[in-house]
Amino acid sequence: MRYHDSMKKFDVAIAGGGLIGGAIALELARSGLHVGVFERQEPGQEASWAGAGILSPAPENPGMIPTVPLCKASLELYPKFVAEVEEISGQNAGFRPKGTLEALFSRNAREELSTLIAVHHGLGLKAEAIRAEDARELEPALSEEMEAGILRPDEASVDNRALTKAVLEAARRSGAEIFPDCIVEAICREEGRENRCAGLLLKNGRVEARWTVVAAGCFSPEIRGAERYAPVSPAKGQMIALRADELKIERVLWSERIYLVPRNDGRILAGATIEYVGFDKETTAGSIEKILSAAIELAPGLAGARIEEMWAGLRPDSPDHLPILGPTDLDGLLIATGHFRSGILLAPVTAKLIREWIGEERVSVEWERFSPLRFGTQSTRRTTA
Ligand SMILES: Cc1cc2nc3c(=O)[nH]c(=O)nc-3n(C[C@H](O)[C@H](O)[C@H](O)COP(=O)(O)OP(=O)(O)OC[C@H]3O[C@@H](n4cnc5c(N)ncnc54)[C@H](O)[C@@H]3O)c2cc1C
């Protein structure tokens, strides 16, 4: 649907039609609000398309520990979220609640294992130490060089491309209006009320809304007026899709260097790099070589796999690598970005939080750590249209 001025009033205007904007639109439309999503290209073609779709609350480094409760809450919401999205959209999202298995290769695997298990249990995450033989019984594709494994039975994966498409369709069917080719230039302040956000300024018009949500991924700071609350930057990730018909992988497999994610259609995704190189989305020989050698180290049978696709996407990373969620000091303006490596996982809880802020002005999950006001910015300057 093309946007034109006669459609300009909404309860909620969302800038960005990725999985985060789509999930918020679905949640809010289902609660009876009139929602407009404004997307500068075809919806769902950026990070939400490029991701691997692993649903794992386990922190990959100590800096990610503050997100664990939020990630756990979102993982718990996933089965119901997917079931509702599939029912409303009539599309399959490729949800695989089969657990994940991490292979340890180091000589000190046993010591490493007990530390890792203790860390998981300390964070309330289910994790079991398993012997290499038992791991290979579960996943025969795993390398014989592995020393030990960690099974996380509650973790899962989803086909994020299929999910994003289904979420956007479900949002549409629930009454949200999604407008492609609509570049959001700025947030608007209300005439005479400087501390109130009144909607969005588009390249081709204006949108009035009681609430405005910025969910434009790593591009959010390009929206004038949002940059102070959403100082995110792109963290590039390169990925490869492989196909090896004779190799069966059931669960997401990890090593220190890589993950492998099986899809229902038989593809095996391998990824991903983390590179801070601006908005570049090229795949490069050096990174692809690293991904392939780590993939073959983890599952040697992949040496004979066909390469079906290679791509790169841009994760929205914040200065402290934590998500940026919630209300700002401008009445009516909320931010939902900075999900970095966990935006597919965090989509359901993000949508829930935004609905709670809008509908009830209080939320059921601890979120202060993620406030858009933590970057020490004051809204004293008029930067918007
Ligand atoms: C290689 C890779 C692997 C990943 N793996 C995982 C994983 O396994 N698990 C996980 O949970 N997460 C993963 N992620 C992270 C996850 O993909 C992101 O955190 C998530 O997709 C962010 O969603 P989003 O909707 O905020 O952003 P996006 O999907 O980038 O959507 C933002 C949208 O806003 C639009 N937009 C931007 N500027 C404007 C504007 N001015 N006006 C209008 N529209 C605008 C864009 O076109 C885009 O469609 C991965 C990411 C990458 C790149």
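Colleague: How far is the backbone N or O atom of Phe340 from the ligand's oxygen atom?

Modeller: That backbone atom of Phe340 lies 2.9 Å from an oxygen atom of the ligand, a polar contact (N or O atoms within 3.5 Å). Keep in mind that this is a predicted model, where local features need pLDDT of at least 70, side-chain atom pairs count only at pLDDT 80 or more, and totals for chains, interfaces and linings use all residues. Residues are numbered from 1 along each chain as its sequence is written, and side-chain values use heavy atoms, with hydrogens and water left out.

Colleague: Good to know! What do the backbones of Ile20 and Ala52 do around the ligand?

Modeller: A polar backbone atom of Ile20 is 3.1 Å from an oxygen atom of the ligand. For Ala52, a backbone N or O atom lies 3.1 Å from a ligand nitrogen.

Colleague: And how much of the ligand's accessible area does the protein cover?

Modeller: The protein covers 98% of the 1,000 Å² that the ligand has accessible on its own (Shrake-Rupley, 1.4 Å probe).

Colleague: Wow, okay. How many residues surround the ligand, and which are closest?

Modeller: There are 39 residues around the ligand, and the closest are Glu39, Ser48, Ile54, Val184 and Leu345. Being near takes a heavy atom within 4 Å.

Colleague: What's the split by class in that shell?

Modeller: The shell has 21 nonpolar, 13 polar and five charged residues. Asp, Glu, Lys and Arg count as charged; Ala, Val, Leu, Ile, Met, Phe, Trp, Tyr, Cys and Pro as nonpolar; the others, Gly among them, as polar.

Colleague: Which helices and strands supply at least two residues of the shell?

Modeller: Helices H1 (19–30), H2 (47–50) and H8 (343–360) do, along with strands S12 (233–243) and S16 (306–317). S16 gives the most, with four residues. These are DSSP runs (helices H or I, at least four residues; strands E, at least two).

Colleague: Switching topic: how many aromatic pairs are there?

Modeller: A search of the whole structure turns up nine. In one of them, Tyr78 and Phe81 sit edge-to-face, 5.5 Å centre to centre with 80° between the planes. Pairs need ring centres within 6.5 Å; planes under 30 degrees apart are stacked, over 60 edge-to-face, the rest tilted.

Colleague: Where do Tyr78 and Phe81 lie?

Modeller: Both are in helix H3 (residues 68–89), three residues apart, which is about one turn of the helix.

Colleague: Last one, the backbone: which peptide bond is cis?

Modeller: The bond from Gly271 to Ala272 is cis, with omega near -15°. Ala272 is found in the loop between strand S15 (267–271) and helix H7 (285–298).

Colleague: What about phi at His321?

Modeller: His321 has a positive phi of about 65°, although it is not a glycine. You'll find His321 in the loop between S16 and strand S17 (324–327). Most residues other than glycine have a negative phi, and most peptide bonds are trans.

Methods. Polar contact = N/O pair within 3.5 Å; in protein donor to acceptor, adjacent residues only side chain to side chain. Phe/Tyr/Trp six-rings, centres within 6.5 Å; stacked < 30°, edge-to-face > 60°.
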